[in-house]
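Biologist: Please take one part of this model and examine it closely. I should like its geometry, its surroundings and its place in the interior set out in one connected account.

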Amino acid sequence: MPDPFAALSLNSSALKQEELFPIREVSRLTGVNSVTLRAWERRYGLIQPTRTESGHRLYSQADIESVRNILTWIERGVAVSKVGKILAKSRSLKAASVPVYDVVTGSEWQQWQRQLHTAVSCFDDIQLDRLYGQVFSSYPLPVVFQAILMPLWQDLLMRHNDIGQTSEWLFYDAFLRGRVMQRLHANRAQAEDRVIVAALPGHCRELELLVTGLLLSHSSVAVSVFAIGQPLDELVYICDRVKPLGLVLFSNQVPSEQLPQTLKRLALAVNCPVSLAGECAELIGDALNGSAIATLGSEGQLMSQRLQQFLAGNFDT
């Protein structure tokens, strides 16, 4: 059988130069077979690849990231038929936000990710630690985590079923958790006032919660991140003992119909302001309008700014 891609006028170097990839390469990079990719395009309009004159699909790097985002939401239990609306709303919210850092191009971030991945694939903690320090000397903290470190973590997680990928993800995850905990501890020692950050049960992984706590940290306010699995009903008791400046709940899951009422009841029971961070906060905002709960979003710099405004009483919920 002739190779269907033999008719492509673009050779592999041209594809790389133009950052366009054939469907078989996208399948290899994402683990999603070509039949599924075509279904996501035809049935749901989730991705829109370009076409050659002969009709072959070519995918950009942005298309590949969209595929990975789709996989992320499906892993969280969202039906593929609903993913399109979630992605569209998320994109519109992020488009309205001020970019965290718009000087460095995405290609430079990808170069760092490739170097980090090489160290991870060799299980070289010394080199990984060296690169970690170099990245922090080049970019501000929100960019380091949200544009470089965490996208690689997410990519390894999405491919963890491949041979060797589980070990690589575990190695990288453990490394990052250790470094983030160190930074949180250092920040905690520099400020007396603190904010409690806790995850909604079953709504995220530990590293996602720790990074959120770090992104929310401020020079005048320390963050205490409570362990994954923290019962919601015991937060009332904890806040009564700690008397924090605020309680931030975190979720990367699609909100259930019952969640707004659950959050409102909790906000009435605790003795401090309550806010919500993560992907959930970008999807639940309308349901919390008129309540005392602030939605902080999921973008690092804006989350921190909104939290400071909220605690100061200047945030419009």
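Modeller: Contact means heavy atoms within 4.5 Å. This is a predicted model, in which local features need pLDDT of at least 70 and side-chain atom pairs count only at pLDDT 80 or more, while totals for chains, interfaces and linings use all residues. Residues are numbered from 1 along each chain as its sequence is written, and side-chain values use heavy atoms, with hydrogens and water left out.

The part chosen is helix α8, residues 141–158 (helices are DSSP runs of H or I, at least four residues, numbered from the N terminus). Its end C-alpha atoms lie 24 Å apart, which agrees with the 26 Å expected of 18 residues at 1.5 Å a residue (1.5 Å times one less than the number of residues). Along α8 there is a kink of about 40 degrees at M150, shortly before the proline P151 (the angle between axes fitted to the seven residues ending there and the seven starting there).

Because 15 of its 18 residues are buried, α8 is largely enclosed by the rest of the structure (buried: under 20% relative accessible area, 1.4 Å probe, protein chains only). One of its residues, I148, touches W109, W112, Q113, L116, V135, Y139 and V143, neighbours within four places in sequence being set aside.

I148 is also among the residues with the most contacts inside the largest nonpolar core, together with L37, W40, F145, L149 and Y172 (a core is a set of buried Ala, Val, Leu, Ile, Met, Phe, Trp, Tyr and Cys residues joined through side-chain atoms within 4.5 Å). That core has 70 residues, and α8 supplies its largest share, 12 residues. Apart from it lies another core, of 22 residues, including I196, A198, L266 and A281.

Definitions and conventions
Helix = DSSP H or I, 4+ residues; strand = E, 2+ residues; numbered from the N terminus. Buried < 20%, exposed > 50% of the residue type's maximum accessible area, 1.4 Å probe, protein only.
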